[in-house]
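Welcome! Please take a look at the structure below, and then let us walk through it together.

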Amino acid sequence: MSSTSHAFDISGSYELHNFETGPPETTEVTKEELVNIFETMYTMRRMEITCDNEYKARNIRGFCHLYDGQEAVACGIQAALAPEDSWVTSYRCHVLALMRGGSVSEVIGELFGKAGGVTKGKGGSMHMYNKEHNFFGGHGIVGAQVPVGTGLAFANKYKAKPGEPMNVAIACYGDGAANQGQIWESANMANLWDLPMIYCIENNHYGMGTSIDRHSSISDYYKMGNAIPGLRIDGMNVLSVIEGMKFAKEYVGAGNGPIYVEMMTYRYHGHSMSDPGTTYRNRDEIEFTRSNRDPVEHVKSCLQEADFMSAEEIKETEKRIRKEVQKEVMKAKEWATPEYKEVATDIYAKSLTPYDGTYPPFVRMPDFAKSFTFDV
Amino acid sequence: MNLFTAINNALFIALETDPSSIVFGQDVAFGGVFRCTQNLQEEFGPDRVFNTPLNESSIAGLAIGYASMSGGTAIGEMQFADYMFPAFDQIVNEMSKFRYRSGNQWNCGGVTLRSPCGAVGHGGHYHSQSPEAFLTHCPGIVVVMPRGPKAAKGLLLSSIRSKDPVIFLEPKALYRAAVEDVPVEDYEVELGKAEVMREGSDVTVLGWGGHLRVLEQACDLSKENDGISCELIDLQTLTPWDIECVTNSVNKTGKLIVSHEAPVTSGFGAEVVATVQAECFYSLESPIQRVCGLDTPFPLVFEKYYIPDKLKNYEAIKTVVESANNNN
C-alpha cells in the first residue's frame, strides 16, 4: 500500500571496488519496517547505556565493549540477511546477541554473570552465542573470528543444494583487526574456493585508542581484499546498510566468491570500559557525530519525513522502550548465579576418565569446605 | 602395513563411513609430504579432499567453523607439528574453548588435526619437535600420540569420531620404518586408555609415541644385563591420561621412569611425576626419574646427544632399581 510505504534517497551512500554497479540509490520502506528498525535501534542504544551505568555501579565486572553509535550496522545487517545465514563477530557483541534470538535480560544477565544469561553466565561480555539463530558468537581475540567465519562459509557451501543460492556467512571485525595476518589467510581461501563469505569491517576509525591513519597504511578498507570486490557503506544510515547488505548477500550467495564490506561508523564510548575514549580524540568530534550523523536520530527523521510517526509518538515510544529495558535489567538482577559445578562442565563432550560428563572430577574451591567431587 | 598406510587406511574408512568428513591441508590432494593422504582425492573427489594454502591458522579456523556449524567432521593436516605454532591462537583460544565458552551450545568436536612430530634423524630445529606439552596444558582438547601402525589406525578412527577436538601427533620417524599386522576392518582404540605393552615387576617405564621403540630396547638391555623386569606402558592419550593404569603399575613396582623426546622442563613427564608422587607416595621405593630431551632447541648435528636414547634410559632404570635395593 503506497500510503504506508515511502521511498528514501540513499544515493551517495556507497563506494565500489571491482564492481561495475552497486546497490540501488533509492529504497522503499513500509511504516511497519521502519518503526521496527527504530524500536530495535533504540533498544540497542538504551541497553548499551544501561550497561555503562551498571558497569559504573560495579554490577558488571570484567571487560565490556559497547556498541552505541554503531547500531545501524548491526540492525541493517540483520534486516538484509536471512536467519539461516551464519554470523560471527568480535568481542563487541551485545547487540548481535540481542538480535539473534536474545533478550535484553539475557544479554545483561550474562554481563551480571547470572545463570539465565545467554551462555549461562559463564562467559560474560565477549562471549555470547545463539545456536538456534546461527549466531556464532563474540570472540575475545582480535581477528580470530574471521578464519572461523571462513569455515562457516565453507560449511554453507558444502551443505548447499546445487543450483540454489547458498546461505552466506558474515564475519564482523573492526578497523583495528583488519590488518591481522590470519584474515589475509582466510580471505585468500575464500576467494580461491568462491566461498559465500562477507568480510565486514566496522570502521569506527579507532583501533582501540589509535586512529586509522596511525595504525593502517591503507584507509580504504573496502579495497583491502585486492582481487576481492569491495563495497563501502555509510554505516550511519540503516537504510543504506540494508540495501548494501542485500546486494552483498545476493552477490556471495550466488557463488561469486567473497566480498569485503566496509561500514563507515563511529563508536561513542571508548574501546572498552577502561578507556574513557577522549584521550585520542576530542569531545568536539564526538559531539559533531552525535548531532550530525547519529544513526538513531537519522531513523527518527526518516519516520517523520515519511509521516510514519509524529515527534510526540516517537517520544512516547522512547519512553516505553526505556521502561522495558529497565524492567529487563531488574529481571536479570534477580536471577541466580550459576552453580559451582558449572566451572567444570562443558569442557569435553564426555569425560574420558571414569568420571562421567565432567572434567576435572575434583574442584577445589577457595573455601575448602565448599570443594566437591563430581558424582561418578 | 606401515604407519603411513595405516593412517591412510583409517582416513579412507573415515571418509567412506561419514559423508560429512573432509580432509584438507597443505598438499594433501597429492598425498602429502608423507603420503598419508595418497589416493584419497581420487577416491572421494576434490570437494572432500583438497589442498589449502600455506596457512596453519586458517586451516585450524576452517576446521573449527566447519565442524561447529554442521556437526561435520573436519580432518585437517598440519604438515609438521612444528608448524602448529602459527595456528596456536585458533587451537588454544578458539578450538579448545568453543564448547565451554558457548555454554555447550556449540562445540567443534568434529575437528581432528593430524600432524607429524618427533625426531627423524636429520630434521633440525623445525622438523623434529614434539609439542605435546604445549597442547596438554590446554583443557578442552584431546592429545593423542600412537606408537605404531596398529594402534594408530584405531586411535585415529576414535579421534575422528570423538565428540571433542583432537590433536593427533604421528611419530614421523615411523611412517615407513614401523611395520605391523594391521586389521583391514574398521576398529577403534579407546581414547584415554593406556596400554601395558609388557608386564614386569621391578620398575615401571612409561612413554608414548615413537619413543617407545627406544624404551623397548632399554628394557631389553636391562633384562639381559641386569635381570631387571620392566613393566612398559604406552600412554597413547596424553589428555585426559590414564592415571589409574599408571598408578596401579607404580604401586606394584614401586619405581617409575618417565621418558619423552620433548625437553625435560615443563614436559608432560612433569605432570605424570607430580600425579604419581601424590597417588603412590607410600609405594615409591626410589626417586622417580625423568629421561627426556635436553632443554635446548632441537639440534641438528647434536641430535644423538639430545635424544633420550636407549643407553640413557638403561642407566636410569639401573639407577632407580639400585637405589631402591640400597635402601632396603
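On the surface of chain B, the residues B:L300, B:V301, B:F302 and B:Y305 make a nonpolar patch of about 470 Å². A patch is made of residues with over 30% relative accessible area and no salt bridge; like charges are joined within 9 Å, and nonpolar side chains (Val, Leu, Ile, Met, Phe, Trp, Tyr) within 5 Å. Accessible areas come from the Shrake-Rupley method with a 1.4 Å probe, and for residues only the protein chains shown count as cover.

Before going on, some ground rules: this is a predicted model, in which local features need pLDDT of at least 70 and side-chain atom pairs count only at pLDDT 80 or more, while totals for chains, interfaces and linings use all residues. Residues are numbered from 1 along each chain as its sequence is written, chains are lettered from A and ligands numbered from 1 in the order in which they are written, and side-chain values use heavy atoms, leaving out hydrogens and water.

One member of the patch, B:Y305, sits in helix α12 (residues 303-306) of chain B. Helices (H or I, at least four residues) and strands (E, at least two) are DSSP runs, numbered from the N terminus. With a relative accessible area of 51%, B:Y305 is exposed; buried means under 20% relative accessible area, exposed over 50%, and partly exposed in between (1.4 Å probe, protein chains only).

Is B:F30 buried or exposed? B:F30 counts as exposed, because its relative accessibility is 53%. B:F30 is found in the loop between β1 (22-25) and α2 (40-44) of chain B. Apart from neighbours within four places in sequence, B:F30 is in contact with B:R35 and B:N51, where contact means heavy atoms within 4.5 Å.

Now for the way the chains are built and joined. Chain A is divided into domain 1 (5-345) and domain 2 (348-376), with bounds from an automatic or database domain assignment. The C-alpha centres of these two domains of chain A are 38 Å apart. Where chain A meets chain B, 45 residues from chain A and 48 residues from chain B take part in the contact. Together the two chains bury about 3,800 Å², 65% of it on carbon and sulfur atoms; buried area is the accessible area (1.4 Å probe) that two parts lose on being put together, summed over both.

How many salt bridges cross the interface of chain A and chain B? The rule finds zero there, although the count over all chains comes to 29 salt bridges. A salt bridge is a side-chain nitrogen of Lys or Arg within 4 Å of a carboxyl oxygen of Asp or Glu. Here are some of them:

| Salt bridge | N to O distance |
|---|---|
| A:D294 and A:R45 | 3.0 Å |
| B:R114 and B:E77 | 2.9 Å |
| B:R161 and B:D186 | 2.9 Å |

The pair in the top row links distant parts of the chain, 249 residues apart: A:D294 is in the loop between α9 (283-293) and α10 (295-305) of chain A, and A:R45 is in helix α1 (residues 31-56) of chain A. A:D294 is buried, at 5% relative accessible area, and A:R45 counts as buried at 10%.

In the middle row, B:R114 belongs to strand β4 (residues 111-117) of chain B and B:E77 to strand β3 (residues 74-77) of chain B, 37 residues apart. Both B:R114 and B:E77 are buried.
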